[in-house]
Amino acid sequence: MLHQWLRTEGGSASDPHGSGEPTRLVVVVKGYPRVSETFIAQEIAALERHGLPLTIVSLRHPYDGITHPVHQAIQAAVLYLPEYLYNDPLRVLAGHVRAFRRDARRYRKSLLQWLRDLRRDPTANRVRRFGQAGVLAAELPAGARHLHTHFMHTPASVARYAAAMTGLTYSLSGHAKDIWTTPAWELREKLEGARFSVTCTAANREHLARLAPGTQVHLIYHGLDRGM
């Protein structure tokens with residue numbers, strides 16, 4: 001699906017703010033690099049081979065002592081968000097102020113969206129994701145036009161709030177526990193707001209399609225390209 005997005009909207013298209021930068025995909029992940037998530041790194045590397053400029057946004061710094069060779073092949077810059085808001089409160093505050101000044105109407109829309117979610121999930125984790133979203137919205141790279149998130153729980157929350165603040169579209173990639181442990185109301189609203197969603201098993205797809213009928217949920221199995 002991301003390759004299709006590249007062919008239809010990426011490539012030489014300029015960003016909507018007129019900077020002249022090529023369209024850039026922003027890939028939001030929980031942590032990068034991670035040796036347990038080489039399937040994500042392989043996808044990123046394949047997108048780069050297709051010529052798509054992209055930036056990786058990670059909710060936390062890496063903690064693995066080793067990396068995989070595919071990580072060395074990836075050229076994309078990595079933007080690390082504050083893992084805990086109290087570690088960098090000035091950056092968080094500055095990000096939200098900048099996001100508000102850039103588009104107050106959209107910022108208020110995102111804030112109301114978050115407050116509805118907070119009433120249903122009054123946790124520190126929910127507060128942290130909105131804080132990170134403000135930083136992401138303020139620090140998006142030039143040419144950013146679409147957010148693609150791996151995992152439908154916390155990374156998708158950050159991308160969804162940031163998308164509302166900026167007017168960008170977003171898409172979702174679901175894999176395992178992120179699908180089966182996220183509350184149904186939250187999954188449904190994320191799916192309904194997404195440009196499209198992908199998952200890796202038929203059971204996952206059937207579950208998501210039942211939650212949000214009429215949304216685009218595509219099945220793409222994990223696998224290796226034996227021709228490479």
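User: What share of the 228 residues of the protein counts as buried?
Analyst: The model is predicted; local features need pLDDT of at least 70 and side-chain atom pairs count only at pLDDT 80 or more, whereas totals for chains, interfaces and linings use all residues. Residues are numbered from 1 along each chain as its sequence is written, and side-chain values use heavy atoms, leaving out hydrogens and water. A residue is buried under 20% relative accessible area, exposed over 50% and partly exposed in between, with a 1.4 Å probe and protein chains only. Of the 228 residues, the share that counts as buried is 50%.

User: How many helices and strands does the secondary structure of the protein come to?
Analyst: Helices (H or I, at least four residues) and strands (E, at least two) are DSSP runs, numbered from the N terminus. On that basis, the secondary structure comes to 10 helices and seven strands.

User: Which residues have the most contacts inside the largest nonpolar core?
Analyst: A nonpolar core is a set of buried Ala, Val, Leu, Ile, Met, Phe, Trp, Tyr and Cys residues joined through side-chain atoms within 4.5 Å. The largest one here has 37 residues. Its largest share, seven residues, comes from helix α7 (residues 154–166). A second, separate core of 16 residues includes V27, L47, L52 and I74, but the residues with the most contacts inside the largest core are L81, L136 and L147.

User: Which residues does A162 contact, leaving aside its neighbours within four places in sequence?
Analyst: A162 is found in helix α7 and is buried, with a relative accessible area of 1%. Its C-alpha lies 9.7 Å from that of R106, and the two residues are 56 apart in sequence. With contact taken as heavy atoms within 4.5 Å, the partners of A162 are A133, L136, A137 and L147.

User: Which residues does L147 touch, not counting residues up to four places away in sequence?
Analyst: L147 is one of the residues with the most contacts inside the largest nonpolar core. Its partners include A162 of α7. The full set is V26, L140, A159, A162, A163, L168, T169, Y170 and S171.

User: Are α5 and α7 roughly parallel or antiparallel to each other?
Analyst: Axes are lines fitted to C-alpha atoms, for helices over the stretch in contact, and angles run from 0 to 180 degrees between N-to-C directions. Helix α5 (residues 104–120) and α7 pack at about 150 degrees, with their axes 6 Å apart. Angles under 35 degrees count as roughly parallel, over 145 as roughly antiparallel, 65 to 115 as roughly perpendicular and the rest as oblique. The two helices are therefore roughly antiparallel.

User: How many nonpolar, polar and charged residues does the contact of α5 with α7 have?
Analyst: R106, Y107, S110, Q113, W114 and D117 in α5 meet R160, Y161, A164, M165 and T166 in α7. Ala, Val, Leu, Ile, Met, Phe, Trp, Tyr, Cys and Pro count as nonpolar, Asp, Glu, Lys and Arg as charged, and the others, Gly among them, as polar. By class, the contact of α5 with α7 has five nonpolar, three polar and three charged residues.

User: Which residues does H96 touch, not counting residues up to four places away in sequence?
Analyst: H96 is found in helix α4 (residues 89–102). At 11% relative accessibility, H96 counts as buried. Its partners are Y107, F130, G131, G134 and M165.

User: Which elements do the buried residues of α10 pack against?
Analyst: The buried residues of helix α10 (residues 202–211) are N204, H207, L208 and L211. They cover an arc of only 95 degrees around the axis, which puts them on the same side of α10; the arc is that of the directions from the helix axis to the C-beta atoms. An α-helix has 3.6 residues a turn, so residues three or four places apart point the same way. The elements packed against are α8 (177–180), α9 (184–193), β6 (197–199) and β7 (217–219).

User: Which residues does H153 touch, not counting residues up to four places away in sequence?
Analyst: H153 is found in the loop between β4 (144–150) and α7, and that loop is also the place of F151, which has a positive phi of about 95 degrees although it is not a glycine. At 17% relative accessibility, H153 counts as buried. Its partners are K30, D178, T182 and K190.

User: Which peptide bond is cis, with omega near -10 degrees?
Analyst: One of its residues, P33, is found in the loop between β1 (24–31) and α2 (38–49). The cis bond is the one from Y32 to P33.
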